[in-house]
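Student: I'd like a close look at a single part of this assembly. Could you pick one chain apart for me and then show how the rest packs around it?

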Amino acid sequence: MIKIKGLWWKALGAIIFLYVLIGGMTVPLNSGITYTNPSNAKTGQRIVMEVTGYNTHFKSALQNRAWLKADSSHFIQATSVQQNDEMHVLLHFDLPFTMPSKEKVQPLTLIIDNEIDGAFVQPNALFVTVSDSLQNDLSQWQTLQLGSLNKKSGLTFPYRNILNETIRNTFFHVALWFAMFILLIIGLYHAIQYLRTGIYDHDIQSATINKVAIMYGVFGLITGSIWAKFTWNTFWTTDVKLNMTAVAMLIYLAYLVLRGASTDTDRRAKLSASYSIFAFLALIPLVFVIPRLTDSLHPGNGGNPALGGEDLDNTLRLFFYPSIIALVLLGMWMSQLKIRYERLQEKIFQNQK
Amino acid sequence: MNIIKVKDIFIKELSVEFRQKFALGGIFLFAATVVFIIYKSFNNINPREWTILLWIIMLFAGLNAVVKSFLQEKKETYLYYYTLFDPVDLMIAKLLYNFVFLIFLFCMILGFMTIFSGFPVKLPGLFVSGSVLGILGIAIVFTFVSVISAADNTNATLMSILALPLVLPIVMLLLKISAVSVRLLSDTSVNEDVMLLAGVDSVLLGAMLLLFPSLWRS
Amino acid sequence: MKDYKKKFSKTKNKLFMFKLSQIISFVSLCCMMILINTQAACQGSSIDFLRSTGKIYTVVIVIAVIFIGIVIYLYRLDHKLTKLENQIKNEQ
């Protein structure tokens, strides 16, 4: 491995982590809608919709506007908007008699816009049942120029419905997994180097870095299950990615058992290096391929935050990637301390002989 | 790689196995007993349980069987082999032997399961291809782990601790494939799963071929 | 003989402290889990603290878990280093 000398990378890791911690916790969330009532209506009805917002400024905004959207060219604007306070607003809608498509029950998306919070949406806010009517008149539907909507100024994280503020966990929980993988790859590199050269120092490095990576994995499982408890209300879900990573952790815990089992250092080094290479190869289909074949609550599937075009917002990226780098650097720092300890012990052991 | 030598070792393994009839019989007895216990406790087994039980019995019976293949021999024998054969030859022969043995065991368990609780497989082609690939994967992992635990001079406990987690991803894929083959799930991407299984097998085989010589030297 | 006994009791004491620290960290982790669970269990009756203000406290707990984990790691490393130092001292 490239010998990184000096203190600078450790300081860098700490500073980047501080940046992630401060930025990740202080950047506000986008405005969003937490609650709407009623959720069902019939065509032709006049409804008053009660909306509770999150991080909204209905009262201080000069002009609140709201629409219900059926598809990209059919909108109904609220006839009047009554704001009680910053968080609550009453919207009056006159639903048209006809709907743009033929289905019996149609979901409408609610869009609210003001100059402070910008525009924000709640998909499937209202389900409209089409009542029997022979009219076929779409004139009540309007079009909406998206350019006329306001944009919120400043940095914000995207608002997602169940996740709310826990979207910030992307920087801690998700980044932990990525850092774990990078550390495992570094450990793998040392394992291969050990098998190639037979220098005992590589074994120390590989084992210690792997151990720190396993520690990250355990943190990942704990933090993940805490997060799941407050978003999906269970500590453990049947989610594929979760279960696959649990299997991965089992495989690496077996690695620890293997290291603990043998006493002869030379043989132990050889066995555990081979095992870790084998285990890493067994892990690749597990974590990267299988979850992609099936549905998952996790990144990329079902509208959850993490990687993948729309899901990882640019502002999230601003903290997510630095967080991975910081966690890797901190992990390397921790493992370097342990490695120095192991080297000292090895030296003392040699002297005794 | 020398095919004749591989064949020689393979035949030697087989003859050793058939000479120790009690060990062979023990494993088959184990399989039969477990199937019978399960049959008695479930009475009628639906297809879901059938596939799960099939693989669980297979896993544990297979583990029992393979543990011996490297542990039964003494250190001196290894030294003798070391002078005689190329490690790759030896490993391929052992792998081949384990594979054949596991297939044989699988057919046995399948036979018992069919006698006691029917044969719910609706897509035999998929079932057979998936099972063969899966058993190959299991054989690779078990052989590799038995090499490790034999090199470590420790008992069979280490082997099962190491082997079970490693074999889990393969078994999970297998369970999915067999669930599709008994029509519990309908999945259009099941061919991808079979391909994935083949991919896993080849990657693990490659890794084992690379790693075995360095392990062998110890 | 007396010296030896003293040393022995000292190392024994250290071992005990080490075990104690392990037990404490484990128990604190368990307590936290139970706390979270009870918080979650009584969500109907009282305000669910961890779910309030957009579940921000979940993020706080996640960060706390990572921090506590790292501190435990450092503590154990510290302990091992102390032992090594003593070993070197004794040899001299």
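Student: Let's take chain B: how many helices and how many strands does chain B have?

Tutor: Sure, with the caveat that this is a predicted model. Chain B has eight helices and zero strands, so reading along its sequence just gives you α-α-α-α-α-α-α-α. Of its 218 residues, 40% count as buried. If you take the contacts in chain B with a separation of 6 or more, 85% of them are between residues 24 or more positions apart.

Now zoom in on helix α5 of chain B, residues 87-117. You can check its length by hand: at 1.5 Å a residue, these 31 residues should span 45 Å, and because the end C-alpha atoms sit 43 Å apart, the two figures agree. Right after α5(B) comes G118(B), with a positive phi near 80°.

Inside that residue range, have a look at I109(B). Leaving out residues up to four places away in sequence, I109(B) touches A31(B), V35(B), L54(B), I57(B), M58(B) and A61(B). I109(B) is also among the residues with the most contacts inside the largest nonpolar core, a set of 133 residues. V141(B) is on that list too, and from chain A there are A175(A), A179(A), L183(A) and A279(A). The most generous contributor to this core is helix α2 of chain A (residues 173-197), which gives 15 residues. Separate from all that, there's a second core of 23 residues, including W67(A), V89(A), L126(A) and V128(A).

Next, the contact between chains A and B. Here 23 residues of chain A meet 24 residues of chain B. On the chain A side, α4 (240-261) and α5 (265-293) each supply at least two residues. The largest share of that side comes from α5(A), with 14 residues. Sorted by class, the chain A side has 19 nonpolar, two polar and two charged residues.

Chain A has a contact with chain C as well, so let's finish there. That one takes 24 residues from chain A and 22 residues from chain C. On the chain C side, α1 (2-41) and α2 (52-91) each put in at least two residues, and α2(C) accounts for the largest share, 18 residues. By class, the side of chain C that touches chain A comes out as 15 nonpolar, four polar and three charged residues.

Notes:
Residues numbered from 1 in each chain as written. Chains lettered and ligands numbered in written order. Predicted model: local features only at pLDDT ≥ 70, side-chain atom pairs only at ≥ 80, totals over all residues. Core = buried A, V, L, I, M, F, W, Y, C linked by C-beta atoms within 7 Å. Buried ≥ 20, exposed ≤ 12 C-beta atoms within 10 Å, placed from the backbone. Helix = DSSP H or I, 4+ residues; strand = E, 2+ residues; numbered from the N terminus. Contact = placed C-beta atoms within 7 Å. Nonpolar A, V, L, I, M, F, W, Y, C, P; charged D, E, K, R; others polar. Expected span 1.5 Å × (residues − 1).
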